[in-house]
Amino acid sequence: MRIRTLRRIAGIIQAVLIMGIPFIRIKSESALRFDIPTLRLHVFGYSIWMQEFFIVLIATIFLTLLIVLVTLIFGRVWCGWLCPQTVLVDFTLFVDKSKKKGFAYKLFAFGVTFVVSIIVAASLIWYFVSPYEFIPFMRRDLGPTTWGFWIVMTAIIFLNYALLRHKWCSTVCPYAKLQGVMFDQSTLIIELDPERAGECINCKRCENVCPTNINIREGLNAACINCAECLDACNEVMERQGKKGLIHYAFGTAGEGRILRQNFFIVGGFVLVFFIFFIHLTMARTGIDFTILPHNMEARFTKDGSIINAYVLSVKNMLNEPVDLRISVERFNETVSQSINEPVRIEAGGADKLPLFVRVKDTSGLKTARKIKITLSDKNKNINSTRETNFIVPDDV
Ligand code: SF4
Ligand code: SF4
């Protein structure tokens, strides 16, 4: 099978995923969406709030290091196989063909590219405004910001696919510019097999099909996007001669590189550390944000000699479903009692401030203050969050 066919299949899967993910609903939210009004990131059923963005930061560092590792091993596999720029240029090849065609064909080519640009721009917005809101809103009021963003993005995407095309990769793309520092002597490249270079019949097919106008026979070029068009072309030419193609994938020049090398272990080690850190943060996440605030009422004695302390529990439910929180106060002197004994419901994404009075009848042994633990839990939602605070003994004990 030609590499081109495999790349087209990978491109279709990638396009379906990028366009389709916002339509997948998990717990009544898009599978992946950043909600700007509430500054919340929805990720496959989880909601990450602004105050938890260190999880996103660690995930971003992990993904960045993963990209460096993949590039170190497989070179520009992203550019050639999965980058939306390459995929959409491949799917709009009629724009290149239109240069040699008449007005009607040009109109068709640029018309279709414009429609594709509108859809691609909309699909970007779906990662911020759910398509289930966006599509009905198109008939009503989408809001000037969303309309403006859609129009500007459509214009940029259209100009990119109509004019820049693969020039984007060598002129604008920042990832392409960083390739040089991510490669080493063992990175996967596409090259003319040096041991068989003498068999080249100088047909120039590899040169003519290259979308970035590279002559692969002259060696590795920073503008090469690893699309493997030259490899397929040479295979077609040489198969007619009863031979294997002269251009191949190789780890390092002439295939002399090694996957397991020093750079692999250094970058791979960092990837592993950040992955473990990310998993730890995700597992340790409780789903509620819980702070103990001071209450206006100071610690005091009651007539029967008990001590009462008052607190305000500031609770925010960061889940996409309601929680029923049971409050428990660490017991000491075996006589502690609390004002809230029934579970308190906090709606999905909601917040509440709960006044809590804690009373200790047996004050023997209490001098000035001691630490106590207050726990909020909902066993059904796997929530168990504990905070420590002071239980104050008033001065005149
Ligand atoms: S040299 Fe080959 S792999 Fe590189 S961009 Fe040109 S056709 Fe694609
Ligand atoms: S397609 Fe193959 S045979 Fe033809 S010029 Fe390129 S490397 Fe040589």
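Me: Which residue stands opposite Ser314 in strand 14?
Reply: That's Lys353. By the way, this is a predicted model, where local features need pLDDT of at least 70 and side-chain atom pairs 80 or more, while totals for chains, interfaces and linings use all residues. Residues are numbered from 1 along each chain as its sequence is written, and chains are lettered from A and ligands numbered from 1 in the order written.

Me: What makes strand 10 and strand 14 a pair?
Reply: Two strands (DSSP E runs of at least two residues, numbered from the N terminus) pair if DSSP finds at least two bridges between them. Strand 10 (residues 307-317) and strand 14 (residues 351-360) have 10 bridges and run antiparallel, so they pair.

Me: How do you know that strand 12 pairs with strand 14 too?
Reply: Strand 12 (residues 336-338) has three bridges to strand 14, again antiparallel, so that rule is met. Here Gln338 stands opposite Val358.

Me: Why isn't the protein called a compact globule?
Reply: The rule for a globule is 2.2 Å times the number of residues to the power 0.38, with the radius of gyration taken over C-alpha atoms. For 397 residues that comes out near 21 Å, but the protein has 31 Å, so it doesn't fit the rule. Its C-alpha atoms fill a box of roughly 105 × 55 × 30 Å along the principal axes.

Me: What makes a residue count as buried, and what percentage does?
Reply: Buried takes 20 or more other C-beta atoms within 10 Å of its own (exposed is 12 or fewer, partly exposed in between), with C-beta atoms placed from the backbone. Of the 397 residues, 22% pass that test.

Notes
Helices (H or I, at least four residues) and strands (E, at least two) are DSSP runs, numbered from the N terminus.
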